[in-house]
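Notebook open. I want to look up rings first, then helix packing.

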Amino acid sequence: MTIKNSDAQAGNAGVDAPSTRLDRQLLSNAITGFLFGVTGPLAILLTVGQTGGLSEADLASWIFGSYGLSGVLTLYFCWRYRQPLAMAWTIPGALLLPAAFSHLSFAEVIGAYWVTGLLIVVLGWSGVISWVMQRTPLPIVMGMVAGVFLPLGIKVVTAFTDNGLLASVSLAAFILFSALPALGRRLPAVLAAVLAGGIAAWVTGAIAPLPDAAAVLVRPNLYMPVFSLTAMLELVIPLTVTVLGIQNAQGFAVLRQAAHAPPIKAITVGSGLGTMLFALVGSVPACLTGPTNALLVASGERRRQWIGGILFACAMIAFGLFAPLATSFALALPASLIALIGGLAMIRVLQGAFQAAFSGECPLGALVAFVVSTAGVPIFSVGAPFWGLVFAFATSWLLERESLRRAVGT
């Protein structure tokens with residue numbers, strides 16, 4: 001499938017008669033996306049930072065960049081293009097850092113961020129990424145997306161092993177509000193599950209006590225980069241691949257599947273500029289997030305889903321500004337509850353990903369992308385989703401070439 005996409009077209013796509021009216025579905029999508037972003041991913045960020053020996057001030061600055069500044073980017077792109085274009089920080093990129101911290105200074109890592117951002121800007125401005133995305137079969141990319149999102153969907157089941165009562169209450173509320181349209185029109189099923197689970201957690205004492213927050217507002221640090229050849233060779237290419245070949249590829253595929261036309265060139269250049277902006281305060285590179293955008297387009301009227309993106313952006317900015325206090329609140333919620341809510345919100349997204357991957361061209365390639373991405377085995381420090389795309393494309397080129405040609409429109 002060839003997707004004709006220019007930034008001019010993307011700015012107008014999917015937004016006929018744009019509306020700013022807020023509804024419960026958009027609010028539910030924004031809340032779910034926000035809760036997803038500030039729980040599991042935040043725990044990864046804190047773990048990586050602590051592994052690297054970063055101080056509390058370093059971590060607070062890191063969180064401000066990863067959440068507050070990504071909220072600013074999201075706000076701009078959602079408003080400019082009237083689409084749900086949630087920007088964030090690259091989780092696979094962050095997972096490259098523990099090994100690097102063992103022999104590189106934080107300043108050398110930040111120097112690698114700057115070079116990575118510059119490389120991404122060049123690739124985006126030159127149109128190389130747009131050319132690649134237009135010639136990448138959507139079924140193969142959606143096979144990768146299905147593999148990445150499957151573990152999130154499975155958390156609906158695994159949440160019962162951590163706290164069966166909370167999981168049962170939340171799931172019961174979700175089923176009830178999904179099965180009865182009259183209730184679902186008043187309160188989206190996912191939001192009902194959040195409220196029911198939160199009340200149950202409060203009643204049963206499952207919410208962790210909040211520590212005394214001496215600091216409320218974040219005070220971000222500014223870092224000077226050190227440009228080390230060792231850091232360049234080790235980090236720049238893998239970081240670039242995680243942003244463009246894993247994170248942004250997921251986000252573009254999810255949005256295209258939801259009938260949006262994301263501005264590939266603008267998002268790529270924005271990811272590069274955002275990476276350099278994030279580096280000022282020590283944060284990992286910026287990207288277009290796949291899971292959060294999937295949550296933002298999970299329900300509601302398509303032409304107004306960008307409003308959910310605006311709400312999500314505002315919540316992220318507030319979280320970044322009040323990082324010390326907000327982190328305490330986010331981490332006080334039971335992890336199993338957040339995992340369950342994310343999984344419930346992802347069910348329809350997973351269904352759409354599987355349908356897009358296996359109902360058209362390149363079914364074998366889509367299967368390879370799904371299996372490799374689900375396995376999650378990195379090669380040369382580069383995450384499995386990227387290799388899922390590489391191996392899937394090679395498989396389709398070798399074993400289903402005619403189908404591949406039809407898929408890319410050649």
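**Aromatic rings.** I searched the whole structure, a predicted model, for aromatic pairs. The search finds 14 of them. Which residues do ring pairs link into a cluster? I wrote down F34, Y67, W89 and F319.

**R82 and its rings.** Next I looked for charges over rings. The charged end of R82 sits over the ring of W79, and I noted 4.3 Å to the ring centre. I also found the charged end of R82 over the ring of W306, 4.5 Å from the centre of that ring.

**Helices α4 and α14.** I moved on to helix packing. Two packed helices are described by the angle between their axes and the distance between the axes. I took α4 as residues 56-81 and α14 as residues 264-280. Their packing angle is about 155 degrees, and the axes lie 11 Å apart. An angle over 145 degrees counts as roughly antiparallel, so I logged α4 and α14 as roughly antiparallel to each other. Left-handed or right-handed: how does α4 pass α14? I have the crossing down as right-handed.

Then I listed the contact residues. From α4 come G65, L69, S70, L73, F77 and Y81. They meet A266, I267, G270, G274, L277 and F278 of α14. I sorted the residues of this contact into eight nonpolar and four polar, with no charged ones.

**Helices α10 and α18.** My second pair is α10, residues 164-179, and α18, residues 335-358. I read an angle of about 25 degrees and an axis distance of 10 Å. Angles under 35 degrees count as roughly parallel, and that makes α10 roughly parallel to α18. I entered their crossing as right-handed.

Which residues meet here? On the α10 side I have L166, A167, S170, L171 and F174. On the α18 side I have L337, L340, I341 and L344. I counted eight nonpolar residues and one polar in this contact, and no charged.

**Helices α13 and α20.** Last pair. Helix α13 covers residues 229-257, and helix α20 covers residues 384-399. At what angle do they pack? I got about 80 degrees, with the axes 9 Å apart. The range 65 to 115 degrees counts as roughly perpendicular, so α13 and α20 went into my notes as roughly perpendicular to each other.

I ended on their contact list. V241, G245, I246 and A249 in α13 meet P385, F386 and L389 in α20. I split the residues of this contact into six nonpolar, one polar and no charged.

How values were computed. Residues are numbered from 1 along each chain as its sequence is written. This is a predicted model: local features need pLDDT of at least 70, side-chain atom pairs count only at pLDDT 80 or more; totals for chains, interfaces and linings use all residues. Side-chain values use heavy atoms; hydrogens and water are left out. Axes are lines fitted to C-alpha atoms, for helices over the stretch in contact, and angles run from 0 to 180 degrees between N-to-C directions. Helices (H or I, at least four residues) and strands (E, at least two) are DSSP runs, numbered from the N terminus. A crossing is left-handed if the near helix is turned anticlockwise from the far one by less than a right angle, and right-handed if clockwise. Contact means heavy atoms within 4.5 Å. Ala, Val, Leu, Ile, Met, Phe, Trp, Tyr, Cys and Pro count as nonpolar, Asp, Glu, Lys and Arg as charged, and the others, Gly among them, as polar. Rings of Phe, Tyr and Trp (its six-membered ring) pair if their centres lie within 6.5 Å; planes under 30 degrees apart count as stacked, over 60 as edge-to-face and the rest as tilted. A charge sits over a ring if NZ of Lys or CZ of Arg is within 6 Å of the ring centre and within 35 degrees of the ring normal.
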